[in-house]
Amino acid sequence: MRSIIRLYEDFTMVPTSKAIANLAICAERAPPNGCIVECGVWRGGMSAAMADTLPGRAHYLFDSFEGLPPATENDGQAALDYQRTKTSPAYFDNCRAERSFAEQAIRMSAAGKFELIQGWFDKTLPGLKLPEPIAILRLDGDWYESTVECLNSLYPQVMSGGNNHPGRLLHVGWLFPRGARLPLNA
Ligand SMILES: C[S@@+](CC[C@H](N)C(=O)[O-])C[C@H]1O[C@@H](n2cnc3c(N)ncnc32)[C@H](O)[C@@H]1O
């Protein structure tokens with residue numbers, strides 16, 4: 001798994017230990033079919049790494065490619081400080097990325113097919129029905145509202161455990177829920 005991550009190190013900001021933990025869940029616990037969805041892809045490295053771990057699947061990559069929306073009080077002080085401290089090495093230009101990076105990463109991977117859905121989650125997700133159930137839903141949009149938007153639209157499409165192969169929910173943001181003030185179902 002480390003070798004997969006290495007291939008995409010210029011395309012992901014996810015720390016290696018966390019990326020490996022996510023890929024291990026994909027390798028060991030993903031249902032044998034179903035699509036893979038990542039919300040908050042940045043340069044697409046984690047989607048590509050998941051594709052190499054579970055080759056041949058359909059991938060849906062959601063992002064504004066305009067960076068993070070403004071943090072709110074719901075995200076907690078750490079999130080507000082992050083967006084104020086533009087000189088921090090962790091700032092990454094507020095997570096802005098060229099869409100072409102994500103395209104390049106996912107094309108390099110073993111994805112069976114892919115779709116990049118560009119736009120703010122509250123515009124692209126409501127009412128969206130994916131053509132197949134979700135095996136892996138990885139949420140990396142960081143903020144509370146971004147995450148809740150994704151959960152509302154996509155969590156109902158994650159494969160239920162009815163066939164003994166429940167879909168898996170990965171990550172759910174690096175500041176969320178650690179920094180968030182509200183519970184997930186608020
Ligand atoms: C932490 S980065 C994602 C990191 C990425 N998964 C990787 O492998 O490095 C967060 C991403 O979420 C996106 N994002 C956050 N909130 C969003 C929203 N409401 N709508 C669309 N994109 C959003 C940002 O544009 C950014 O690319």
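**Buried helices and the nonpolar core**

In helix α3, the buried residues pack against α1 (2–7), α2 (16–29), β1, β2 (58–63), α6 (99–108) and β4. I begin with this helix, and I should say at once that the model is a predicted one.

Helix α3 itself spans residues 45–53, and eight of its nine residues are buried, so that the helix is mostly covered. The buried positions are Gly 45, Met 46, Ser 47, Ala 48, Ala 49, Met 50, Ala 51 and Thr 53.

Let me now place this helix in the overall fold. The protein chain contains eight helices and five strands. Their order along the sequence is α-α-β-α-β-α-α-α-β-α-β-α-β. Of the 186 residues, 44% count as buried. As for dimensions, the C-alpha atoms fill a box of roughly 45 × 35 × 30 Å along the principal axes. The radius of gyration is 16 Å, which agrees with the value near 16 Å for a compact globule of 186 residues. Turning to contacts between residues at least 6 apart in sequence, 78% of them join residues at least 24 apart.

A second helix deserves attention. Why may we call helix α8 largely enclosed by the rest of the structure? Helix α8 covers residues 144–154, and eight of its 11 residues are buried; it is therefore largely enclosed. Those buried residues are Tyr 144, Ser 146, Thr 147, Val 148, Glu 149, Cys 150, Ser 153 and Leu 154. Their cover includes β1 (35–39), α7 (121–124) and β4 (134–139).

I turn next to the interior. The largest nonpolar core comprises 49 residues. Which residues have the most contacts inside it? They are Val 37, Ala 49, Met 50, Ile 106, Ile 134, Ile 136 and Leu 137. Two of these names, Ala 49 and Met 50, have already appeared among the buried residues of α3. Val 37 offers a specific example: setting aside neighbours within four places in sequence, Val 37 is in contact with Tyr 60, Ile 134, Leu 137, Arg 138 and Leu 154. Of these partners, Leu 154 is also one of the buried residues of α8.

Finally, the ligand. There are 22 residues around it, and Thr 12, Gly 40, Met 46, Ser 64 and Ser 146 come nearest. Both helices discussed here are represented in that list: Met 46 is a buried residue of α3, and Ser 146 is a buried residue of α8. By class, the shell around the ligand consists of 12 nonpolar, seven polar and three charged residues.

Methods:
Residues numbered from 1 in each chain as written. Predicted model: local features only at pLDDT ≥ 70, side-chain atom pairs only at ≥ 80, totals over all residues. Buried ≥ 20, exposed ≤ 12 C-beta atoms within 10 Å, placed from the backbone. Helix = DSSP H or I, 4+ residues; strand = E, 2+ residues; numbered from the N terminus. Contact = placed C-beta atoms within 7 Å. Rg over C-alpha atoms; globule rule 2.2 N^0.38 Å. Near = placed C-beta within 6 Å. Nonpolar A, V, L, I, M, F, W, Y, C, P; charged D, E, K, R; others polar. Core = buried A, V, L, I, M, F, W, Y, C linked by C-beta atoms within 7 Å.
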